[in-house]
Amino acid sequence: MSETAIHYRTCPLCEAMCGLAISHADGRIVAIRGDDADPLSKGHICPKAVALQDIHTDPLRLRAPLKRTSTGWAEIGWEEAFAEVTQNLRSIRDRHGEQALAAYFGNPTVHTPALLMVPGLIEAIAGAQIFSATSVDQLPMMLASLQMLDHQLLLPIPDVDCCGFLLIVGGNPAASQGSFISGGDVMARIEGIRQRGGRVVVIDPRRTETAKQADEHLFIRPGTDFFLLAAMAQVIFAEGRVRLRELAPWVDGLETLREAVAEFTPERVAPKTGIAAAKIRELALALGDAEQAAVYGRIGSCTQEFGGLCNWLLYALNIINGSLDRSGGMLFPTPPIDLVRLGPRGSFARRRTRLRGLPAFGDEFPVAVLAEEILAPGEGRIRALITHAGNPVLSTPNGRQLDRALTALDFMVSIDLYLNETTRHANIILPPAGPLERPHFDAGLPLAAVHASAKWSPPLFAAPSGSYQDWQIMVELAQRLHPRFSGRLVHRLVRRLGLERVTDWLLRLGPYGTHAALLDEDASWTQKLRILFSPARDGLSLHALRQHPHGIDLGAMQPGRLMRHLKRRNTGIHLAPSLYLADLPRALARLTESADAAPRDSLLLIGRRHVRSNNSWMHRIPRLIKGPNRCTLLLHPDDAAHRGIAEGDRVTVTSRVGAVTLPAQLTTDILPGVVSMPHGYGQRDAGASTAAAHGGGSMNDITDEQFIDALTGTPVLNGVPVTVTR
Ligand code: SF4
């Protein structure tokens, strides 16, 4: 055996972007540890990182294109695969129009360099119906950025390293490892708040792993976070505690917001939320008492009936407390590739879905309509689908219906590492090189990082000869689907120069880059010309990153980025966009609704996540899935006794759309009237036997594609009415 070497790279599995030190010898992995010298994660990793070696060696990971035939799957060559995909997609588009094509991008799309090529592929199928995991995740948050700050990617992130009071609404960083608080060991950073004498409060219908490490946890009824936030805002106005600080000259709509929340007094919302009026008042005042406070919401705040309104007020509370763009409050990361400068500003409701008329966010329709848009006949029906790194049968609402709908497609192609519940419907599967067989650079996730850094990870192992990376597959498809495809400049360059050279230029033009002054509005033309015609050496470039295998530390988040954005765009901070005001009557109606309106014996289902799982795609790995069954229904003992259910009993959970059966786990960590099931389970395909043996049903077999936040089209995944029987 030759000597062991160490390879440093960024873990591509989740938003935390941990640095890995991978010991290897003779083409095999010996150990995977955290990289102590990584500027962001400083040695932290979670159990999933070690599973990278399992993905690399997994015999079930696809390594050549697959074609579905009448007798099963057959491996085919890349040229044949591309030719068949192109011919089918073009033929369907020619016969039925552009709208007959659709594409779905899964969550890992953001975790690969292919992210930079996705807009290019979308342009090549212009007019197609686009869907992604965004609409079962953070869409309401991005909408708030667009509506209130004028850019969908200008995302406020809690400055956990300096914060004195952190209020977490519907988020569980202990399980997610930091979603929209990217940065290794986020729980240590949150613990740091307490060590500094600060306070951490978690609002959640379940006493989550994060809540157990906080100073205080408050149970809230699912779907009522908006009412809590509105009452907190009402108290801040009523008590004269509004403090806009440096934001004051930029803010409009303050009086309109005051009037909008006036009716949501703590006393009125307390019965709805389950949080006492005095506690709501105390929380609101504590925000103002803390010099550095941040209100942070995550997926639970988005995937609920009033997710749009909820995220509006999450932003609004930070604004009226003067916490936005302020050290220790909510800051705006400055990433090495600045997608706020280079990416689209965003749009809302420029298009609407054919059947339900739900609004598009940017290029995307809410995924809640995907199945019906395939199944319902008529002009504009989806007949062909491209998927990338997604398993919407398990990860989007009413997955069984989508499972059936996919069989009705004329053609489907999946860019994916695995045959799974979704890709099994594809006619052709195009598997990209594995995560250790390609270079890695995070272009999108630093937009949410708590500390700026950059790292280029070269491939650890050579990809099989002739294989393609995700982005190369996208380029190939874009080119073949649209031979005269021009695309935006960056996509044309990716096609001609390759991703590495384009990444290099994006880094050079970025805020830390060798050529940053070219995009700096304060730089004079003389300075810009000097930069352009001189060999600029100082600053970030791919060359510089290659010299620093552990990554380069670009410093802590700084205040001021929002102000620079507002000045550049000549805009302001909008506290009361009309879109939200128009949705208020819906919330007011719910506030006045009597408790008897809920069906008798109904419980409310919420989701959950475990640190050893990663949405729907890592349950097949034995080292992650081993141990006690985690696919259980959490149920309060009072609700269990009422139904004659004991610990470990198999229970059936039934909603409007379906039923799943799984073991009951009794706990006082959940609010009475609420049950919780993890998402991402339900693997049932051949080849996923490990997952199938450990997994229960899919939570999305009982979430309801018709139960949505009417404002944003985001499906309700937290607060789904269900019945539970033994
Ligand atoms: S938290 Fe785990 S999965 Fe996420 S980047 Fe770090 S090691 Fe990878």
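What share of the 726 residues in the chain is buried? In this predicted model, buried residues make up 56% of the chain. The secondary structure comprises 28 helices and 28 strands. Along the principal axes, the C-alpha trace spans about 70 × 65 × 60 Å. The radius of gyration is 25 Å, and a compact globule of 726 residues would have a value near 27 Å, so the chain agrees with that expectation. Contacts between residues at least 6 apart in sequence were also examined. Of these, 74% join residues at least 24 apart.

One open sheet contains seven strands. Their order is 5-4-19-18-17-6-7, and the pairing is mixed. Strand 5 (72-75) and strand 7 (129-132) stand at the edges. Each has a single partner strand, so one side of each is left without a neighbour in the sheet. From one strand to the next, the twist averages 20°. Within this sheet, strand 18 (residues 411-415) pairs with strand 19 (residues 428-430). The two run in the parallel sense and share three bridges. Ser 414 of the pair stands opposite Ile 429 in strand 19.

Strand 17 (384-388) follows a loop that begins after helix 16 (370-375). Ile 382 lies in that loop. Is Ile 382 buried or exposed? The residue has 27 C-beta neighbours inside 10 Å and therefore counts as buried; the cut-off for a buried residue is 20 or more. Neighbours within four places in sequence were set aside when its contacts were listed. Ile 382 is then in contact with Ala 100, Ala 102, Gln 129, Glu 373 and Ile 374. Of these partners, Glu 373 and Ile 374 fall within the residue range of helix 16. Gln 129 falls within the range of strand 7, at an edge of the seven-stranded sheet. Arg 656 is 274 residues from Ile 382 along the chain. The C-alpha atoms of the two are separated by 25 Å.

A further pairing involves strand 20 (residues 451-454). Both of its faces are covered. His 451 and Ser 453 lie on one side, Ala 452 and Ala 454 on the other, and all four are buried. Strand 20 runs antiparallel to strand 21 (residues 552-556), and four bridges join them. In this pair, His 451 stands opposite Ala 556 of strand 21. His 451 is thus placed both on a covered face and across from a named residue of the partner strand.

Strand 26 (residues 659-666) pairs with two strands, in opposite senses. With strand 24 (residues 633-635), the pairing is parallel and extends over three bridges. Here Leu 634 stands opposite Gln 665 of strand 26. With strand 25 (residues 650-654), the pairing is antiparallel and extends over five bridges. Thr 652 has Thr 661 in strand 26 as its bridge partner. Strands 25 and 26 are joined by a hairpin of four residues.

Which residues surround the ligand? The shell includes the cysteines Cys 11, Cys 14, Cys 18 and Cys 46. Leu 13, Ala 16, Met 17, Ile 45 and Ala 49 also belong to the shell. Lys 48, Gln 177 and Gly 184 complete the list. By class, nine of the surrounding residues are nonpolar, two are polar and one is charged.

How values were computed: Residues are numbered from 1 along each chain as its sequence is written. This is a predicted model: local features need pLDDT of at least 70, side-chain atom pairs count only at pLDDT 80 or more; totals for chains, interfaces and linings use all residues. The radius of gyration is taken over C-alpha atoms; the globule rule is 2.2 Å times the number of residues to the power 0.38. A residue is buried if 20 or more other C-beta atoms lie within 10 Å of its own, exposed if 12 or fewer, and partly exposed in between; C-beta atoms are placed from the backbone. Two residues are in contact if their C-beta atoms, placed from the backbone, lie within 7 Å. Two strands pair if DSSP finds at least two bridges between them. A residue is near a molecule or strand if its C-beta atom, placed from the backbone, lies within 6 Å of it. Ala, Val, Leu, Ile, Met, Phe, Trp, Tyr, Cys and Pro count as nonpolar, Asp, Glu, Lys and Arg as charged, and the others, Gly among them, as polar. Axes are lines fitted to C-alpha atoms, for helices over the stretch in contact, and angles run from 0 to 180 degrees between N-to-C directions.
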